[in-house]
Amino acid sequence: MTSPAPTGNGHTNGQTNGQTGWNAMLARVGFIELDARARAAALLDDGTARELCGPFDRIESPWLEPQDVVPASDDGVVVVRGRLDGRPAVVIAIEQAFQGGGIGEVSGVKIAASLSLAARDTREGAPTVAVLLLETGGVRLQEANLGLATVAEVCSALLELRALQPVVGVIAGSMGCFGGMSIAAGLCSTLIMTREGRLGLNGPQVIESEAGVAEFDASDPTLIWAIDGGAQRTGTGLADVLVLDDVAAVRSAVIEAAGRGAPGEHRSRRLRESRTRLDAVDPADPPEPADLAAVWARAVPAEGDRR
Amino acid sequence: MTASRGPTRAAARDWTRRRTAKRERLEAVRPFVSGRVLDAGRMRDALHALLRPGDRVALEGDNQKQADFLAGALADCDPDVVHDLHLLISSISLREHLDVFERGVARRLDFAYAGPQSVRMAQLLADGTVDVGAIHTYVELYARMFVDLTPDVALLCAEQADHEGNLYTGPGTEDTPTIAEAAAFRGGVVLVQVNRLVDRVPRVDIPGDWVDLVVESPRPYALEPLFTRDPRHIGQVDILMAMLALRGIYERHGVTTLNHGIGYDTAAIELILPTYGERLGLRGKICRHWTLNPHPTLIPAIESGWVESVHCFGGEPGTERYVAARPDVFFTGPDGSLRSNRVLCQLAGQYAVDMFIGSSLQIDADANSSTVTEGRLTGFGGAPNMGHDPHGRRHASPAWLSLLTGEAPALRGRKLVVQITQTFRSGGTPAFVESLDAVQVAEDAGMPIPPIMIYGDDVSHVVTEEGVAYLHKATSLADRREALAAVAGATPIGSHMKERHVEALRRDGLVALPEDLGVDVRAAKRSLLAARSVEDLVAWSGGLYDPPARFRTW
């Protein structure tokens, strides 16, 4: 009936190893607990946060009300300028509580424009780092094509900025990052996840409804996290850093990633490596999730540009 | 003359009919048995041989563990051979429990709870497929097994058995020894499905000479993690109510011995002890001795030194290693694992604890509460056993005495029976109603009395997000109703309350609002929870808690 004891795999950045005293537990402040606005503020240096296009600017989606959905005055995306360990930064946080973090026309443009403006500032001599807090099921169904188009704009702006300054992605949970925005996650200079975070192009329920329960049982959390979970994604190199769900731990991981600058070669450019990895897996007889990291390590021995 | 007649008349009565019947039954199953061990592949034939039409059969189905292999075999019996059985099942949880009736194998039913099958139960009752003797509370049903409902056959489950029939139940002892005792000592046959037959059991939970037959089930018995509450689902309102309860009841009455029901509101109380409770300086002063299952949400309070002892009704999947590592707190056997016992824990909950706190689906103006709603026949479970003031108690404690009642010299204390609920449930359904659905259900089903879970006159306190109502302080029925209405918010019960009435009730101490208790509503945040996820609970346990797969989100 019971599942095996949690293993110590993939524990980094102060992740508990089963020996943490209870005082340490009480000292932790959960990052996942926070809403998008509070997450953005928690990452930035004290007193430096300034929201752009905030709820009082009332830039709402015009498409929701006709479909009987109550719109939000920030359209579910919070953009905050400030400083990150003294460095100019913009944090773009998606609010998972609004429409499951779904991206629509307005929210998508807010993200894309923020990234473009950071690139412009950088070119004009004020280097600006961007941090994306990605809790999203992907494109908002109510705004289908417009949402898709803005996700393309987001990716394009992200590519523009990452050539100049690091773009740090954080998938803390509990929504996870799926759909079109998982492509944006894949483009980030550094991708940080918690164990509770999930990353995947198609979400478990989508796969189950399209390909059947034999392909993916979306009611099986063990399976879901074995494939999409933060520990697996960092263990297999599809994300970079695994952090504890703790405000201080997430903030220091973000600062470290911002300070590290752009990688020699972005993950999304390492095409040969990706191809070799795909070739190493037989879809008719896929490896167990726990074995995937080893299969890929054999296929692609550690290269110089791997951090 | 007369002297010689007496013995002749006495000899006409056979005093060992039950024992003889038992011998005949065991003789009949002999072809399927080696020693005490039944062949699992011939279970149906064995039951055909063992059972007689009209038998009273106790089928072990608790709210957690289920003799599911035996239930399946019973449902599979040929109704031409086995029919008109009278089943005693404490918790109707499995499809098979009702299939037995639909197939005509059984006819009459006495039970305590029908949670997962409550809709179908209501239908079968309406269709006349089942004759319900009565809906009981848990210990009430077991008590009747020793009075007028002694089983002819008991179908039970355990972890392991040896070839002498000694049983090891592991942490989930629950009701097995009680039912076995009722059958074994009055000519009943005890048949037990076990997960494993072993040469030597780790400890003897039930001695082999109470057990007639064992069968190794093809798969382990079903066990529900009924007491696991994911802290992720605890909201701010639950936390506010937890703060109000802690200050307005636990602290005020100095509650050291208690029972908690299942619910996010009581889970919130467990989780704010190490934070909010600690700040109030209450550690060691309240919540020291508990009767409840090993709730995972109690782990932070245990680890931070709040809890001295816990006695359990049953086990909880995933807590086995944690409990085994904390034998000073939990009752554990020489093998190291938890020993639970539902009936003894219920007894402890009635006579030895000062407070019961639990939530309900509906509460009426007189504080009667019920979980029966239209179209569902849920029954009671154990809440009424804990949620009443037992008049058989004589030992005093500060909390009990703080509710002093009666006229001198017949003064006595009172148990704190607390109902905690938000004024509205999800979907905007009011928790406080003018008439309980139970009243209508009773009428429709022809029950002699409405199935009320906890009687209003037993309820001493009601906690909502509005505040605490001290019903025990009311001197008249009108005052009681006013006090309850004052915390019932915008529901049909609360909406008529005038502010100046509430002021008067506050002055008289019948009602306390958050500000009266020094509770800062703005502080009711999830950051107050010592653990905010199941993963946090695992970390608190030092990796000893292994949550069931469905609760793992990492």
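User: Two residues are in contact if their C-beta atoms, placed from the backbone, lie within 7 Å. Which residues does B:Leu484 touch, not counting residues up to four places away in sequence?

Analyst: This is a predicted model: local features need pLDDT of at least 70, side-chain atom pairs count only at pLDDT 80 or more, and totals for chains, interfaces and linings use all residues. Residues are numbered from 1 along each chain as its sequence is written, while chains are lettered from A and ligands numbered from 1 in the order written. With sequence positions up to four places away left out, B:Leu484 touches B:Ala365, B:Ala367, B:Val462, B:Ala469, B:Leu471 and B:Ile493.

User: Which helix gives the most to the largest nonpolar core?

Analyst: A nonpolar core is a set of buried Ala, Val, Leu, Ile, Met, Phe, Trp, Tyr and Cys residues joined through C-beta atoms within 7 Å. Buried means 20 or more other C-beta atoms within 10 Å of the residue's own, exposed 12 or fewer, partly exposed in between; C-beta atoms are placed from the backbone. The largest core has 172 residues, and B:Leu484 is among those with the most contacts inside it. Ten of its residues come from one helix (a DSSP run of H or I, at least four residues; strands are E, at least two; both numbered from the N terminus): α9 (residues 236-253) of chain B.

User: Why does this core lie between two domains, and which are they?

Analyst: Domain bounds come from an automatic or database assignment. Both domains of chain B give residues to the core, so it lies between them: domain 1 (36-223) and domain 2 (231-536).

User: How far apart are the C-alpha centres of domain 1 and domain 2 of chain B?

Analyst: The two domains touch: 29 residues of domain 1 of chain B are in contact with 29 of domain 2 of chain B. Their C-alpha centres are separated by 32 Å.

User: Which element gives the most to the side of domain 1 of chain B that touches domain 2 of chain B?

Analyst: β6, α6, α7 (138-144) and α8 (176-184) of chain B each supply at least two residues of that side. The top contributor, with five residues, is α6(B).

User: Is strand β6 (residues 106-113) of chain B largely enclosed or open?

Analyst: Six of its eight residues are buried, so the rest of the structure leaves β6(B) largely enclosed.

User: Which residue in β7(B) stands opposite B:Phe111?

Analyst: Strands pair if DSSP finds at least two bridges between them. β6(B) pairs with β7 (residues 131-135) of chain B in the parallel sense, over three bridges. B:Phe111 there faces B:Ile135.
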